[in-house]
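Here is a short tour for anyone starting out with protein structures. Take a moment to turn the picture around before reading on.

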Amino acid sequence: MAKIDKDQFEELIERNAPTEEPSAAVFVKMQKEAAWNQPQPTAHRSPAAGIIILLTAGLVLLAIWFLPGQMPESHGPTSLRHETPEPAPEIGPTDVIAAGELPIDTGFYRFMKYKSDDFNLSFHDETAEMSLLAGEIDRI
Amino acid sequence: MLLICEPMKNNETKNMMQEFAQNPARGFEMLYKAYSGPLFRYLRSSFNLSREEAEDILQNVFLPWVTTPEKFTKVEHPASYLFTSARNAALKSRGANREQPLDEDRAEIAGESLATRVETGLAIDEALAKLPLEQKEAVVLKLWIGMTFEEIAEVQQCTLQTVASRYRYAIARLKELIPWQR
């Protein structure tokens, strides 16, 4: 934009420009508020900050720990402790009930054999064979 | 008279902002020295504020620069920024646009001759007080602060043509109000 030349009237106004300044107190106030004049965090504050962080973390952990407290008491932390799986009882080698043979040694078999000597479920039973053989011999 | 725009027209503004970014304490001192006076006079003359009111606004305008300097290191035109901030604050203040009370030293010469009143600037103050705010601002910023029309348009948030028109109307009106030797 073309510069507008000032006429005498404008120069008159310009000559009467105020010259007052703000009081020095304004600058002093701002210097007091200035970030560069505020105490900086020093090294001896670090442990305090660390303690605060640890306390906060502890509180968070406590809050997490007691969160199940909102559930019924039976489901509280104590109950949970009981629900932890106990070590499985050691189980010894299982008895072989049948290994290619009939289950002749079962309780029922022994009971029936006690009631009647003739009861026999297996012809492979050696004891039965022996008793039968003895019976035959007696008859002879 | 130190015009506000002198530093804006050379590299001083850039140097000030570079200094402010590197050393906020020193940079702010430079900024305050350059702009506090013109801002204060602009507030007083344009908005008819008392010294206390103008100082309060001045403090509010500069305070963010000292409390959070990191936010202002990227400001390229501090003058425009500061004057716009001051203008907005002044418009919000309840004291804006009211009749300007006469300072004691100027009240004493209120009854003096016309020549004395013109010479001391009292007649100019009285005439300025009769102008609409935007016209008064245009005269103050142009003739007393030393801004260009472009810079005034930035502060007043209007077009260049609007500022030029406001200024021309203001000068014409002042010529009617102030008796002066042609």
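## Two helical chains

From its N terminus on, chain B runs α-α-α-α-α-α-α-α-α-α. That makes 10 helices and zero strands. Please keep in mind that this is a predicted model. Chain A also has zero strands, and it has six helices. Its order from the N terminus is α-α-α-α-α-α.

How much of each chain is buried? In chain B, 49% of the 182 residues count as buried. In chain A, buried residues make up 14% of the 140 residues. For chain B there is also a figure on how its contacts are spread along the sequence: among contacts between residues at least 6 apart, 62% join residues at least 24 apart.

## A closer look at one helix

Helix α4 of chain B covers residues 78-92, which is 15 residues. From first C-alpha to last, α4(B) reaches 21 Å, close to the 21 Å expected at 1.5 Å a residue.

Which residues of α4(B) are buried? The list is B:Pro78, B:Ala79, B:Ser80, B:Leu82, B:Phe83, B:Thr84, B:Ala86, B:Arg87 and B:Ala90. The cover over these buried residues includes α1 (12-22), α2, α3 (51-67), α8 (133-145) and α9 (149-156) of chain B.

One of those covering helices, α2 (residues 24-47), is also the place of B:Glu29. Is B:Glu29 buried or partly exposed? It counts as partly exposed because its relative accessibility is 40%, and the buried class is kept for values under 20%. In sequence, B:Glu29 and B:Met16 are 13 residues apart, and their C-alpha atoms are 9.4 Å apart in space.

## Where the chains meet

Now for the meeting of the two chains. The size of an interface is often given as the accessible area lost when the parts come together. Chain A and chain B bury about 3,100 Å² between them, and 70% of that area is on carbon and sulfur atoms. Three residues, A:Phe9, A:Met30 and A:Trp36, supply 22% of the area that chain A buries against chain B, more than any other three residues.

How many residues take part in the contact? On one side there are 27 residues of chain A, and they are in contact with 42 residues of chain B. Polar contacts between the two chains join 11 residue pairs, counted where both residues have pLDDT 80 or more. The elements of chain A that give two or more residues to this side are α1 (8-15) and α2 (24-33). Sorted by class, the side of chain A that touches chain B has 14 nonpolar, five polar and eight charged residues.

## Salt bridges

Side chains of opposite charge can pair when their charged atoms come close. Over all chains, the whole structure has seven salt bridges, and the count between chain A and chain B is four. Here are three examples from the structure.

| Residue pair | Closest N to O distance |
|---|---|
| A:Asp7 and B:Lys175 | 2.7 Å |
| A:Glu21 and B:Arg41 | 3.0 Å |
| B:Arg51 and B:Glu55 | 3.4 Å |

Start with B:Lys175 and A:Asp7, whose closest N and O atoms are 2.7 Å apart. This pair crosses between chains, going from helix α10 (residues 160-177) of chain B to the segment before α1 of chain A. B:Lys175 counts as partly exposed at 26% relative accessibility, and A:Asp7 is partly exposed too, at 25%.

Next comes the pair of A:Glu21 and B:Arg41, with 3.0 Å from N to O. A:Glu21 lies in the loop between α1 and α2 of chain A and B:Arg41 lies in helix α2 of chain B, so this pair joins two chains. A:Glu21 is partly exposed at 42% relative accessibility, whereas B:Arg41 is buried at 6%.

Finally, B:Arg51 and B:Glu55 both lie in helix α3 of chain B, four residues apart, about one turn of the helix. An α-helix has 3.6 residues a turn, so residues three or four places apart point the same way. B:Arg51 is partly exposed, with a relative accessible area of 29%, while B:Glu55 is buried, with 13%. These two residues also belong to a network of salt bridges that links A:Glu20, B:Arg44, B:Arg51 and B:Glu55.

Key
Residues are numbered from 1 along each chain as its sequence is written. Chains are lettered from A and ligands numbered from 1 in the order in which they are written. Side-chain values use heavy atoms; hydrogens and water are left out. Buried means under 20% relative accessible area, exposed over 50%, partly exposed in between (1.4 Å probe, protein chains only). Contact means heavy atoms within 4.5 Å. Buried area is the accessible area (1.4 Å probe) that two parts lose on being put together, summed over both. A salt bridge is a side-chain nitrogen of Lys or Arg within 4 Å of a carboxyl oxygen of Asp or Glu. A polar contact is a pair of N or O atoms within 3.5 Å; within protein, one must be able to donate a hydrogen and the other to accept it, and residues adjacent in sequence count only if both atoms are side-chain atoms. Ala, Val, Leu, Ile, Met, Phe, Trp, Tyr, Cys and Pro count as nonpolar, Asp, Glu, Lys and Arg as charged, and the others, Gly among them, as polar. The expected span of a helix is 1.5 Å times one less than its number of residues.
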